[in-house]
Amino acid sequence: MTEDLSGAISRRSLFAMIGKTAGIAVMYEAMASMAYAAESTFKGPIKLAGAPMGASVLILGSGWAGMVSAYELRKAGYKVQILEYNNRAGGRNWSLYGGDTYTELGGFTQHVGFDKGLYLNPGPWRIPHHHRGVLHYAQLLGVQLEPFIQLNYNAYVHSTAAFGGKPKRYREVEADFDGYIAELLSKSMRQGALDQAVTKEDREILLAALKNWGALDNNYAYTKSEKQSDRRGFLHPPGGGMDAMPIPSDPLSLDDMIQSRMWSAIGASKSYDVQQTMFQPVGGMGMLGKAFGKELADVIRFNSKVIDIKQDASGVTATYVDTVKGGAPQTAHGDYCICTIPASVLSQIPINVGAPMQAAINNLPYSASTKVGLQMKRRFWEEDEAIYGGITYTDQPNRMIGYPSSDFFKKGKGVLLAAYTFGSGAVEYTAMSPAERVQKTLDYTANIHPQARTEFDTGVGVGWHRVPFTLGCAGSWTEATRAAHYKDICAIDGRIMLAGEHVSMIPAWQEGAVLSALDAVQRLHSHIVQGA
Amino acid sequence: MRKLSFLIAGAAVAALSGTAFAQFASGYSWKTGPEIYTHVCQGCHMPDGKGATGAGMYPALAGNRKLASPLYPVLVMLKGQKAMPSFSDLTDDQIAAVANYVRGNFGNSFPGTVTAEQVKALRAQAVQQQMRAPG
Ligand SMILES: Cc1cc2nc3c(=O)[nH]c(=O)nc-3n(C[C@H](O)[C@H](O)[C@H](O)COP(=O)(O)OP(=O)(O)OC[C@H]3O[C@@H](n4cnc5c(N)ncnc54)[C@H](O)[C@@H]3O)c2cc1C
């Protein structure tokens, strides 16, 4: 039931072996050194051709992975059909708008009361500039993108345990952290503490660098000055005319800065995944799924819940029930099948794949995450606090406040992403009723933005473990499960392949789903053409 | 050199203890069975313990005969099971408390109790959770 023993496969098992014995990091080093890992990144549109006459592929799920698969295979000449549980395309690519109704598992229903044009992205909300696959399809589908603001120096870092619970601007935290660390390092360097680590010549260069990086004075000290305030902000900024003289601000003390732990918010925008520039579709992330669904309108069957998947020598048959009309289970057939149903759900569907792929499916739980959107009567974060997009970080359970990256300066209402949580905090958030999620989030938000109390209008909260079509946020791989099961989840098992973010090394990103689907259709196509 | 390694070691410790803004929290503060059930388990098994069904499902714990075996829920929590992630970040006491709670409520009244010592003895089988934030 597994793939033929081609060169690629034996290389893959070599990597798996390295992964098992030496750890995943060494495995990827080995893969990279053989220019193998690089094969999975987007290299421009794929061109498949020469599908055997009448060959068909049944696709399960109409998220990114299912729709990329269907689009590319149809273009190559295959007959494709998609079965989709929801009454819409997009899967986790999804936005909630005013007028929408969302019922989560357990039957809790929310009626979204947002104004026209306002939305919450319960799932994906930002696209890195290097996610070339997603960006390719966005352009292909004619979906307009705009900047997503990730890092805002004027947003806050907030700790209930520091500075009397008063938030600090991100720029103050970063400037003071950099400044003090630069001061400390240059002090030890000048005392000879680093003599063994750097040459004398390099030491001089480094000292100059530290002075520049930390905005230090001529004595290599981080002191209250115009130079310093140029980083952390002024008490009274430079102006024009009579009142123009700037007054520098007071830095946090070194001790307070360290103790506050606010510095731990600094790294949040440094990782490759979220480095500027980032993008979002105009009108909500869900615009992408919607546009893709339109493109594939005649091949998607909605309201179709797959309950059984069987393959034999002649093809693959999926049994499904119509969730609206009900009635007896029906079947759909394809010569081959690409199944993009999340592993959480798939682990509960009978499917006759081999033991290795079944083990991969059964050992992939989905992580917790919640998002809460609060509509405010006015955009007070812009009007009162000059915060235009970006993220505030807090130690409260809501963890983040994301400000909208669009409609700046617009009068009227706006929607804050007022909670975005992971880990055990998200588990607890999911266990609340939707109304409680909204209420708690409002309380946390008001500790940072007191205006929220009076400006609050309506809200909606989504806990991903209660999302009926995924039972979770994303495939929760560990190093151990990657080593044990990753190659098996990527395999061609007879006539079945799996695709989705869970079949990628970029889990919980749309690009992972896209790249996984592109890899699946290319490998499946050559498998079919070679076998025909 | 010593100073530098001190600084680096210090930074690593701080990163671990700097949980204030760590996007990923693990562990729970709740003590009693009903508290733990309400703040952890009911996200999936629902407030009434009856589970739920969508494209996939969460099984009912109410009237679930598999709970007759006292250590079964303990192992499910420590190891996870298919779409249920492991809850190995619950303490031995917490796992015992919530196991006893689900075995004795929601219409269940299975004999026997679970102790923290029994949980501890099964810890070696615990499965670690992944700590990676989504996009
Ligand atoms: C909270 C959160 C934040 C995220 N943030 C980002 C971000 O900022 N940027 C980013 O790029 N990505 C982000 N992601 C990740 C992104 O949403 C996913 O990686 C991607 O959408 C997954 O696509 P997929 O095709 O693999 O799965 P899905 O989109 O889940 O598609 C699977 C489809 O299968 C269907 N299905 C399920 N069961 C059945 C059944 N029994 N029968 C028939 N059909 C079924 C589902 O309804 C669904 O349509 C985020 C995700 C979450 C949850």
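Colleague: Which strand of chain A gives the most to the lining of the largest cavity?

Modeller: In this predicted model, strand 15 of chain A gives the most to that lining, with three residues. Helix 3 (64–75), strand 15 (304–312), strand 19 (369–376) and helix 17 (510–531) of chain A each supply at least two residues of the lining of the largest cavity.

Colleague: How many cavities does a search of the whole structure find, and what is the volume of the largest cavity?

Modeller: The search finds five cavities of 30 Å³ or more, and the largest cavity has a volume of about 610 Å³. Of the 43 residues that line the largest cavity, Gly91(A), Arg92(A), Pro342(A), Phe469(A) and Thr470(A) are the closest to its centre. Sorted by class, the lining of the largest cavity has 23 nonpolar, 14 polar and six charged residues.

Colleague: Helix 3 and helix 17 of chain A both supply residues to that lining, and they also pack; how should I read such a pair?

Modeller: Two packed helices are described by the angle between their axes and the distance between the axes. For helix 3 of chain A and helix 17 of chain A, the angle is about 35 degrees and the axes are 8 Å apart, while the crossing is right-handed. On the side of helix 3 of chain A, the contact is made by Trp64(A), Ala65(A), Val68(A), Ser69(A), Glu72(A) and Leu73(A), and on the side of helix 17 of chain A by Gln510(A), Ala513(A), Val514(A), Ala517(A), Leu518(A) and Val521(A). By class, this contact has nine nonpolar, two polar and one charged residues.

Colleague: At what angle do helix 5 and helix 6 of chain A pack?

Modeller: Helix 5 (residues 170–190) and helix 6 (residues 200–214) of chain A pack at about 160 degrees, with their axes 8 Å apart. Because angles over 145 degrees count as roughly antiparallel, helix 5 of chain A is roughly antiparallel to helix 6 of chain A. The crossing of these two helices is left-handed, and by class their contact has eight nonpolar, three polar and three charged residues.

Colleague: Which backbone features should I look at in the loops?

Modeller: Most residues other than glycine have a negative phi, and most peptide bonds are trans. The peptide bond from Gln276(A) to Thr277(A), however, is cis, with omega near 5 degrees, and Thr277(A) lies in the loop between helix 8 (254–260) and strand 13 (278–281) of chain A. Asp407(A), although not a glycine, has a positive phi of about 60 degrees, and Asp407(A) is found in the loop between strand 21 (400–402) and strand 22 (414–422) of chain A.

How values were computed
Residues are numbered from 1 along each chain as its sequence is written. Chains are lettered from A and ligands numbered from 1 in the order in which they are written. This is a predicted model: local features need pLDDT of at least 70, side-chain atom pairs count only at pLDDT 80 or more; totals for chains, interfaces and linings use all residues. Side-chain values use heavy atoms; hydrogens and water are left out. Axes are lines fitted to C-alpha atoms, for helices over the stretch in contact, and angles run from 0 to 180 degrees between N-to-C directions. Helices (H or I, at least four residues) and strands (E, at least two) are DSSP runs, numbered from the N terminus. Angles under 35 degrees count as roughly parallel, over 145 as roughly antiparallel, 65 to 115 as roughly perpendicular and the rest as oblique. A crossing is left-handed if the near helix is turned anticlockwise from the far one by less than a right angle, and right-handed if clockwise. Ala, Val, Leu, Ile, Met, Phe, Trp, Tyr, Cys and Pro count as nonpolar, Asp, Glu, Lys and Arg as charged, and the others, Gly among them, as polar. On a 1 Å grid over the protein atoms alone, a cavity is a set of points where a 1.4 Å probe fits but cannot get out, and a pocket is an open set with protein on both sides within 12 Å along at least five of seven lines; lining residues have an atom within 4 Å of a point. Grid points are joined across faces, edges and corners, and a volume is the space filled by probe spheres set on the points. Contact means heavy atoms within 4.5 Å.
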